[in-house]
Amino acid sequence: MEEAVNIVILALMAVTVIGIVFIRNLMAVVMLSGIYSLLAASVFVVLDAVDVAFTEAAVGAGISTVLFIGTLALTTRIEKKPAHKPYLPFIVVAITGAALIYGSFDMARFGDAEAVTNKHVAPYYLENTKKHTGIPNVVTAVLASYRGYDTLGEVVVIFTAGIGVILLLGSWRRGLTPPAPHKRDEA
Amino acid sequence: MLKAHLPALVIIIPMTCAALCVLLRRKDWAFTVALLATWASFAGSCLLLVRVINEGVISYEMGGWPPPFGIELRVDALNVYLLIIVSGIGSVVAPYARNSLLLEYVEDRAYLFYSAYLLCLCGLMGVSITGDAFNLFVFLEISSLSSYVLIALGFDRRALTAAYQYLVMGTIGATFIVIAIGLLYQATGSLNMVDISKRLPEAGYDNTTVIAAFAFLVVGAGLKIALFPLHQWLPNAYTHAPSTVSAFLAATATKVSVYILLRFVFTVFGVRFSFEILPTATPFLILAILAMFLPSIVACFQKNVKRVLAYSSVAQIGYMILGLGLVSVAGLTASIVHLFNHALMKGALFLVLGCIFYRIGSCHIDRMAGIARQMPWTMAAFVGGGLSLIGIPLTAGFISKWYLILAVLEKGWWYLAVLIVTSSLIAIIYLWRVIEAAYFREPPDDLKEVSEAPLNLLVPAWILVLANFYFGIDTSISVGVAEIAAKALMGAG
Amino acid sequence: MKDYLVLRVITKLLVPFILLFGLYVQFHGDFGPGGGFQAGVIFAAGFVLYAMVFGVASAQRILPEGILRAGIAGGVLIYASVGLLGLILGENYLNYSPLSHVSKEGQHLGIFLIELGVGTTVASVMMTVFFTFATWREE
Amino acid sequence: MFTAAAIALMITMAFAVIRAFVGPTLYDRILAVNMFGTKTVLIIAVLGFLMGRPEFLDIALVYALINFIGVIALLKYFKYGNLAIGPGEAPKSIEKGQDT
Amino acid sequence: MADFEGLYNYWIVIVLAMAGLYIVIARGNLIKKLVGLNIFQASVFVLYISFSKVSGGTAPILEKGIDVYSNPLPHVLILTAIVVGVATTALGLALVVRIRKEYGTIEEDDIHSQDESM
């Protein structure tokens, strides 16, 4: 059942992506990308990644969409027709995709409990989280304690984005003329 | 007690101070905090260098969890070398920023600029020190995001498009690195670099997942390095960024990306996999030679001196990759020494251009005509940095070329040595154009009144220029540590 | 937006519940899905909704720029100083065990505190970014 | 029972995606997005029961909330061309037409 | 082709990711590029999460009576990566807004032609 649901949702995602590639109305594109995020989040639920689904829904379908709409409000709504035929991008994408598919040949099969990914580090977390931290949500424990340094980095990334947006957009309204060069030191 | 925690502190101090800058909100306070933070992390890096030389590899377990379960900070000679480069350049550039036009431009948001600057420093240092593959990505993104912002602060509107282009290409590069890390995780079940390298033979060297991971890593890192055919973002970004930012990024950001490549190719994948199983040495050499020549030739035709230097950076990356492609201790030593020396010379040259920009508001070669008469000290510094870039004896640039040629001759490839010398000659051409204009042409009428750059801009630039000469004579530290690092890299396979 | 009575009433009713739900996600993250990041986003979403229906100006009366900037920096500082606390108490950076005499309790407390830091920064950044985008004009 | 519900929901989701895809007007699309969000909420809830972890209703709640806010943002943009405007402020007109 | 069973899931996701990458490289509209970047990243995230699924497993929230859990580590990594992704998007959009103000357009070709005519 889960497999089937997964495949159906992935198929819907494919349809959405095709829409995004071809539709030139940016409003529709943004809406479809919101749908894409919701679908990705549903896949995460099916694949047991509830915390990730939570985040993807809140971020991809929520904040990102609102920000995109905010940007559209400040810019424009229609994409221009592409001027040249995209042969080169197509080749690049084909090579990249082929490399990934080649790389998938020796991957552990989908859902394999014996895969090396599930045997080395992961069981340690599942066994010890309760003992070390007393928290039943393993993802939270790993996120905040075992890999707390990553999460610190993540908070700093968000912090960077915040001050970046303020630096780029905050109160530049006074005019953008750069200061004139100082030909000599004023006395 | 603090000594044991140095690996964490050198990262945490700039990070915390970046947040403090936002909290304090006063330009002068933010400046003081930023200055102290960069100096503190430079001092910390120097202490770490001493410790690494005396004690060997230092491992620091973040949160007290043993690797591979927790995140490990791992400091060996190469890591600490990068830490010194980043924090050293950071310490010199931070006081320089105080009086630049950039700070007048951002006005009341100067404290945010310092915050972004510290974050960039912290991200680059975090990448240099971590022993965990995914953590590397996180810190790489801290440095990338802050550098997009810093570049976009340029006065010209083209700074915005340059930053956007860099954002798109940089994010693709970072996502490729994420894919590579995911594939490695899929093959080995671990994220710790040392642990991955131990477990790779188990996964098998003919494992397609590992091979694909290698390909994605090289392309992803190549995008971040601006390795020759993937370099389009770099000239625009460095040309239009504010001078302070160009100096800092040109001296550090690409170096750290080269470090990522070195670390993964040699430590994680190992020499045996990267060069014996996969035939990658020759492609690296070809790319390196193309990178040494084509961008240099393009640089000869540029009108904007910053753009000349930016293309020259792409060319210099060629030397680093050449040393990597030789797959020998000598070649790697040359690469690593060049990381350091190139940081010194590009830092110096961009800082000098910042001085000129401060006075005349342009880096265009025609506007710089005759400038040497009004700004003799500034142009003297430019000549000094330029000599190093060309590789004249007694400068740092000479040392790296010398070691590179030695490494090439060790392999018996004398024609490569000829190519290296030839490409240095091209550097003479593009730098001569600038010097010719500055010394032998008449200045434009409106620029006859320009005076020497203010001391607080000139002094940092001269510090780096003098460092170029110092490390051209006394190589015990720069080459010594690089040799230890190179041996460790080659031995790890 | 003065004609849309239904929307305004619903929003007024809904916003407190969204904020409450944000707090729930923040503090329940140890036991179910959720955590500081998600909570921050939901909390911010509540204010975004309020700002969209009643105008950014009135939302900014409740959360002026200064508070948001302090929040942006404050969250990072909370996180970093919890780590430093472990360092001062003699363990490695970000080791929460010494925060309490029982190692397990210390870990739990540490996770609680750093999630608080994450939530603060994320909520402040999201609101700042939204307000900045929404109020930015070309002239 | 839950399986049947899941299948039915999936089909309606497919219809909603197609509607968002073909348009023709933007209001069709907004409606489709809104409906799609509702269906996702339902399917998450159903999946939670199918997989024996009903506490996943939390996620369904978030979806419902976020979807609501997203649609309001869309509609506000269409009406006023701007997201900041408050009650009583004059709306700025936006360019009309070219909806497909 | 029995050998490839269990890989189809990955392949679909790979195709989705490549569609995203295609949008980034081939399209000239700055907003659409960012949408493509989002799709590219989101698909890579789905790929990661696919690695973590264990058949018959359930979400890694410990509970009495459940023995098989999916692998929590990729979840943690992707949580971080999603946050990084939204940070990048926010910055990218801020740049787009500024570019639109300075150039009056968000099409790459128009921006190029404006820059060249300078």
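Is B:C46 buried, partly exposed or exposed? B:C46 is partly exposed, with a relative accessible area of 29%. This is a predicted model. In it, chains A and E make the most contacts among the nine pairs of chains that touch. Cavities of 30 Å³ or more number 14. Disulfides number zero over all chains.

**Cysteines**

- The count of disulfides is zero across all chains.
- B:C46 takes part in no disulfide. Its nearest cysteine sulfur belongs to B:C17 and is 17 Å away. A disulfide needs the two sulfur atoms within 2.5 Å, so B:C46 and B:C17, at 17 Å, do not form one.
- The relative accessible area of B:C46 is 29%, which lies between the 20% and 50% cut-offs, so the residue counts as partly exposed.
- B:C122 is also in no disulfide. The nearest cysteine sulfur is that of B:C120, 9.5 Å away.
- B:C122 has a relative accessible area of 0%. Buried means under 20%, so B:C122 is buried.

**Chain contacts**

- Nine pairs of chains touch, and the pair with the most contacts is A and E.
- On the chain A side, 85 residues are in contact with chain E. On the chain E side, 76 residues are in contact with chain A.
- The size of an interface is often given as the accessible area lost when the parts come together.
- Between chain A and chain E, about 7500 Å² is buried. Carbon and sulfur atoms give 76% of that area.
- A:D48, A:F68 and A:F110 are the chain A residues that lose the most area to chain E. Together they account for 9% of what the chain A side buries.
- Chains B and D do not touch. Their nearest C-alpha atoms are 23 Å apart.

**Largest cavity**

- The largest cavity holds about 200 Å³ of space.
- Its lining has 18 residues. Nearest its centre lie A:S37, A:E56, A:G60, A:S64 and E:N38.
- Four elements each give two or more residues to this lining. From chain A they are α2 (26-46) and α3 (50-74). From chain E they are α2 (30-52) and α3 (72-103).
- α3(A) gives the most to the lining of the largest cavity, with six residues.
- By class, the lining of the largest cavity has eight nonpolar, nine polar and one charged residues.

**Second largest cavity**

- The second largest cavity holds about 140 Å³ of space.
- Its lining has 15 residues. A:A61, A:T65, D:V33, D:N67 and D:G70 lie nearest its centre.
- The elements giving two or more residues here are α2 and α3 of chain A, plus α3 (57-80) of chain D.
- α3(D) gives the most to this lining, with six residues.
- The lining of the second largest cavity has eleven nonpolar and four polar residues, and no charged ones.

**A:T65**

- A:T65 is found in helix α3 of chain A. This residue is among those nearest the centre of the second largest cavity.
- The relative accessible area of A:T65 is 9%. That is under 20%, so A:T65 is buried.
- Leaving out residues up to four places away in sequence, A:T65 touches A:V30, A:G34 and A:G60.
- Of these partners, A:G60 is among the residues nearest the centre of the largest cavity.

Key:
Residues are numbered from 1 along each chain as its sequence is written. Chains are lettered from A and ligands numbered from 1 in the order in which they are written. This is a predicted model: local features need pLDDT of at least 70, side-chain atom pairs count only at pLDDT 80 or more; totals for chains, interfaces and linings use all residues. Side-chain values use heavy atoms; hydrogens and water are left out. On a 1 Å grid over the protein atoms alone, a cavity is a set of points where a 1.4 Å probe fits but cannot get out, and a pocket is an open set with protein on both sides within 12 Å along at least five of seven lines; lining residues have an atom within 4 Å of a point. Grid points are joined across faces, edges and corners, and a volume is the space filled by probe spheres set on the points. Ala, Val, Leu, Ile, Met, Phe, Trp, Tyr, Cys and Pro count as nonpolar, Asp, Glu, Lys and Arg as charged, and the others, Gly among them, as polar. Buried means under 20% relative accessible area, exposed over 50%, partly exposed in between (1.4 Å probe, protein chains only). Contact means heavy atoms within 4.5 Å. Buried area is the accessible area (1.4 Å probe) that two parts lose on being put together, summed over both.
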